[in-house]
Amino acid sequence: MRHTLSVIVNDTPGVLARVAGLISRRGFNIDSLTVGPSEEPGVSRMTITTIGDEATVEQVMKQLHKLIDVIKVQDLSEDPMVERELILIKIAANPASRSEINGIVEPFRATIVDVGRSSMMIQATGSREKNDAIIELLRPYGIKEIARTGVTALVRAQVAARVK
Amino acid sequence: MSQAIKPAPTSNAPQAKPVQMTGAEMVVESLKRLGVATIFGYPGGAILPIYDALYESGIEHILTRHEQAAIHAAEGFARATGKVGTVMATSGPGATNLITGITDAYMDSTPVVIITGQVATSLIGSDAFQEADVMGITMPITKHNFQVRKTEDIPRILAEAYHIAGTGRPGPVLVDVPKDVANGKANFVFPETVNIRGYNPTTMPSMLQIERVAEAIAEAERPLMYIGGGIISSEASEELRRFARESGIPVASTLMGLGAYPQNDPLYVGMLGMHGTYAANMAIFHCDLLIACGVRFDDRVTGKLERFSPNSKKVHIDVDPAEIGKNVAIEYPIVADAKNALKALLEKAPRANCADWQRQIAAWKAEYPLSFKQQGESLKPQYVIDLINKLTDSRAIVTTEVGQHQMWAAHFYQFNEPRKWITSGGLGTMGYGFPAAIGAQLAKPDELVICIAGDASIQMNIQELQTIAERNIPVKVFIINNGFLGMVRQWQELFHENRLSESKIGAPDFARVAEAFNVKGIRAENTAQAEQAIKDALAHPGPVVVDFIVEEAENVFPMVPPGKGTDELIVKGWEE
């Protein structure tokens, strides 16, 4: 099962190396990792998605919590949460296929952010599943490049997340 | 470990009016306030400002001949006292020479603070002379590490470093000090208290869980305590004794836990694991309630996990929540300091109804006790250790190197008190024991400190003979010399068709080596010489090296072969 962990860390030099290094040397599988400033100065929020059974994820969380610069670790997966990822897709496009692509992009509420002579760039945000779907639909046109940010997430209002 | 390192107001520097100091002076002043009286280390370019500040500071500095020895000595100091050990080294090669010791301290949860010099901040990342990425290198092997970026941060960072090293699950903490930060000047402000967000170890147990454990004990028919180094680091030996006496539950110990429970007590089952006793390994296999306390279910104890204690419900008491359920599923998890947990359990007055089980354990102990037969004049290694035990009245602080001699020392020296047994458990570091003995001796100047070594291991840090000679540190080094990497040879015999690839290792005449360093050296080749040698060594006021030439072929049994269950141990070998 895929788990989404929210990790609150001190924004100190090397903290990303601490977290990423711990995960890799303990042999845990990491799917994506995003990091950025949180609402509090000096504190960053990391979102880590990892695949594993309950015992493995519990061990990941406990090991992360041992890091002195880690303030809090939450598993968001069992609570209602908002999970988002941003992707940029550059696909082959010519004047003939542009409107067709536009038709695909629209229901996904994705946007066309760049148009060239022979390519277009599409920006999509949403759950990883939604982003996978749009990629699959666009694949026949010829995907040139994809950049994905990895998932970032927060728990919805009024629900206390489980803190471990 | 229960006690925090409280800043002691020992300094003459007035707190009210901040005083300007260099970073190096701040290091020394902070160490004084933290109660550090002894440092092990080795100077070099990047740490020179701090060594300059140390000159005439009144802090005792022990100059070892290799940084690896300095950190092992700091570990020995910490293990003998429970205090945080301190080691200093310069940047680059000085720091990287510490790596083995830092890893060793990490694996055995030994509280050590490591202060390393670093090239100036302007040079960091430029592959400067004697630069190494010590932060990157030590991240996986420290509880935490710091690089000081501003001079004024030094007192706070050092206070935090000692606090982190000595509280919760103890461990090594490194502080890297760039040369310009050490030379810089700022106001010295020592923090009154240490408060680290994100670091609040849970030391008190959940009473609900304690009650559940008390109920489980009342229902158990074959309960067993499985205790380890955590009992010693949390100073829980007294509580453990009371708990065993009042509950009637037998106690088996890991290698790291030896001495936490008296070995001459009838409820003591023996050492567990790969070279554990028959009784302990049978008991852990057959018990129905396993109370693990201050242990981490290391593979050297569990053997094959699928066969590990298959019939028991398991309690795990540990201050590190990440250890609970890491290797083995646990029915009763208790996150707490071992001392607090045992105290809380004692209040529930648990009593196990397990007279039959106690009889069964006694029968196992009688069936295959640890024993050996010394025949003729040539020395059996076990005989030598047994003799050392008798002639020192089981009272010495014993350090060991790693290998067969280590296991024989664990088997045949009797440890009845905590902090008398100092050995490299988790990492299995050859070269550990001799410098650790130096640290233990400096920590406990009035006690007898013995290093039981192998002929191969002692060669890894033998240069420290100069350290003990120069300072007349009265450590007794007893070398069990069989001319082999004994444990390697044992594995080759058992698991590699006796192909002895590179395990025969030549040894010098250690008595003469010792004499060359101005240390008393004795050679013993038979039983009569051995007894006399030990007596002479103990009578000699200074350091001594005794080279015991023992039988080559002896192996360590019992043994749980790698990948087997603890019930599949080889018991042959000692009954002939």
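## Exercises on a predicted model

B:Cys287 counts as buried, at 0% relative accessibility. The model is predicted.

**Exercise 1.** Find how many disulfides the structure holds over all chains, and explain why B:Cys287 forms no bond with B:Cys354.

*Solution.*
- Start with the cut-off: the two cysteine sulfur atoms of a disulfide lie within 2.5 Å.
- Take B:Cys287. The closest cysteine sulfur to its own is in B:Cys354, 11 Å away.
- That is too far, so there is no bond between them.
- Over all chains, the count of disulfides is 0.
- Add a second cysteine: B:Cys451 has a relative accessible area of 0% and is buried.

**Exercise 2.** Determine which elements line the second largest pocket, and which one gives the largest share.

*Solution.*
- Begin with the volume of the second largest pocket: about 1,000 Å³.
- Its lining has 39 residues; A:Lys62, A:Gln63, A:His65, A:Lys66 and B:Asp320 are the closest to the centre.
- Now assign elements. Chain A brings helix H1 (15-25) and helix H2 (54-66), and chain B brings helix H5 (99-107) and strand S6 (144-147), each with at least two lining residues.
- H2(A) gives the largest share, 6 residues.
- Sort the lining by class: 15 residues are nonpolar, 13 charged and 11 polar.

**Exercise 3.** Decide whether helix H1 of chain B is mostly covered or mostly open, then look just past it.

*Solution.*
- The helix spans residues 23-33, and 9 of its 11 residues are buried.
- Buried means under 20% relative accessible area.
- Among the buried residues of H1(B) are B:Met26, B:Val27, B:Val28 and B:Leu31.
- Charged names appear too, including B:Glu29 and B:Arg33.
- H1(B) is therefore mostly covered.
- Just after H1(B), B:Gly35 has a positive phi of about 85 degrees.

How values were computed
Residues numbered from 1 in each chain as written. Chains lettered and ligands numbered in written order. Predicted model: local features only at pLDDT ≥ 70, side-chain atom pairs only at ≥ 80, totals over all residues. Heavy atoms only, no water. Buried < 20%, exposed > 50% of the residue type's maximum accessible area, 1.4 Å probe, protein only. 1 Å grid on protein atoms, 1.4 Å probe; cavity = no way out; pocket = protein on both sides within 12 Å on 5 of 7 lines; lining within 4 Å. Points joined across faces, edges and corners; volume = space filled by probe spheres on them. Helix = DSSP H or I, 4+ residues; strand = E, 2+ residues; numbered from the N terminus.
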